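Subject: Structure handover

Hello,

Here is the structure we talked about. My notes on it follow below.

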Protein chains: 2
Amino acid sequence: MPSAVRAKGRALEASEEAAAPGSSRAARAAERRAAIVEAALEEFIARGFAATRLDDIAKRAGVAKGTIYLHFKDKESMFEELVRIVIVPVVERLTTLPPPTGSVRDLVEAFASNFLKEVANTRRGDLVRLIVAEGPRFPAVADFYYREVVSRGMAGMRALIELGIARGEIQQKNLARFPQILVAPALIAVIWQSLFARHFPLDAQEMLRVHLDLIFGERRTT
Amino acid sequence: MPSAVRAKGRALEASEEAAAPGSSRAARAAERRAAIVEAALEEFIARGFAATRLDDIAKRAGVAKGTIYLHFKDKESMFEELVRIVIVPVVERLTTLPPPTGSVRDLVEAFASNFLKEVANTRRGDLVRLIVAEGPRFPAVADFYYREVVSRGMAGMRALIELGIARGEIQQKNLARFPQILVAPALIAVIWQSLFARHFPLDAQEMLRVHLDLIFGERRTT
DNA sequence: AATATATGACTGACCGGTCAGTCAAAGTCA
DNA sequence: TGACTTTGACTGACCGGTCAGTCATATATT
């Protein structure tokens, strides 16, 4: 065992490798894969699918172009996998959240503020815009996003709305038919940030609060 | 004159020219330009900027590729002009609409239904998605869209909201600070149509009505 | 005939994808 | 444990197809 450790140390000194390479081959491979995913996400967001060059992704990931093809079949499937890889953990985090506390409004508010923190002002937000942008040309991506995010989100929101109606917190009964309305401003916020923030910064937090006031009625408690 | 007609007839037979050529040169040039714009719009919407081939635009417009360059400097400026060309008339139509009648709600409702008819289920709607998609890479386009559509739309909506508040039709005073909220579901509808309509058709009309109920209170009059 | 337009074959830069070769790490043996 | 062999991850030069933009030629108009 100590020999293995020493061997690793030697290897590290020998090559001019950067930072903290995981020891085993598998670990290093995983790191590289992660670097590629990270770089690809960045490039795809910045340039869109068609205009992104694999060479640039490789360079940004600190990897040779060929390496990319050890991890992904081709550019297209890389893009599709990418979306899955990035979105799945977000969905998990966002769905395992709800601690069944307090009023429905509090629940929704917690969810909203979490969304702002986790998505709206993150690379993740740009990813949403990217999906909107490329969706029509990548049915697989649109399908996946619908299944994993949209339909789930709708179901969750609808449940929340119905609970709110049952408890008398929400008046407008028809809202349950269109959970999109509840989410719409959040999506607008995401799009606004990446298109118009430079022209006119938007206080998304505040906008969402006003929107919730609209749905639940003005808040008394400060 | 008859000779000219005969000559034209011959030309038409000789080349496999189409349809109804406007008589004057200027007219024919305008027609061609329009055909190119139409074709380019179609292609850009379907494939996005980078993936669109000029050859395809030319073919669809029934024109040689070189002809495109008689009307536009290059692909990029063609795209930018395209957005202007298509959007300007829509803005004009939508801004010259409001006949100063009835309640604010009626005004907004008229505007909404007009939006649905003129934009949501049209190529124009797809254009909005295209702008969202390509905006970050075409600052000129994003700027233009912000100036001509977003800021104007916001101002108009804000005016309407303030009127509604003054007349007591709208309770939530803060709404005037975020006219985006009023518009959000409309944009969602546009995006939904082009991404998820196949999975789950959305009754945009009805959704907008529910949203207005939320803002103005439930409607009594059927 | 002279001019204005339109054409589409052509060019060359560019980029996705490949693959022969390299070398650190894992495996084997004494 | 140290030396020798095998493996396969990684590299990057290269190839071939593609496509924006050009321009000599052809066609229409005056």
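To start with one contact: a polar side-chain atom of B:Y69 sits 3.1 Å from a phosphate oxygen of DNA strand D. Please keep in mind that this is a predicted model.

Backbone atoms also reach the phosphates of this strand. A polar backbone atom of A:A64 is 2.8 Å from a phosphate oxygen of DNA strand D, and for a polar backbone atom of B:T52 the distance to a phosphate oxygen of the strand is 2.9 Å.

As for the wider surroundings, DNA strand D has 18 residues around it, and the closest are A:R32, A:A64, A:T67, B:L54 and B:K65. Of the atoms of DNA strand D that come within 4 Å of the protein, 68% belong to sugar and phosphate. By class, the surface near the strand is made up of eight charged, six nonpolar and four polar residues.

Which helix gives the most to the surface near DNA strand D? That is α4(A), with five residues. At least two residues each come from α2 (25-47) and α4 (65-71) of chain A and from α4 (65-71) of chain B.

On the two protein chains: a turn of 180° with a shift of 0.0 Å along the axis lays chain A on chain B with an RMSD of 0.1 Å. The two copies are therefore related as by a two-fold rotation axis. In chain A, A:A133 has the C-alpha nearest the axis, 2.1 Å from it. The copies meet through the same surface, because 100% of the interface residues of chain A are also interface residues in chain B.

Regards

Note on methods. Residues are numbered from 1 along each chain as its sequence is written. Chains are lettered from A and ligands numbered from 1 in the order in which they are written. This is a predicted model: local features need pLDDT of at least 70, side-chain atom pairs count only at pLDDT 80 or more; totals for chains, interfaces and linings use all residues. Side-chain values use heavy atoms; hydrogens and water are left out. Copies are superposed by least squares on the C-alpha atoms of residues with pLDDT of at least 70 in both. Contact means heavy atoms within 4.5 Å. A residue is near a molecule or strand if one of its heavy atoms lies within 4 Å of it. A polar contact is a pair of N or O atoms within 3.5 Å; within protein, one must be able to donate a hydrogen and the other to accept it, and residues adjacent in sequence count only if both atoms are side-chain atoms. Helices (H or I, at least four residues) and strands (E, at least two) are DSSP runs, numbered from the N terminus. Ala, Val, Leu, Ile, Met, Phe, Trp, Tyr, Cys and Pro count as nonpolar, Asp, Glu, Lys and Arg as charged, and the others, Gly among them, as polar.
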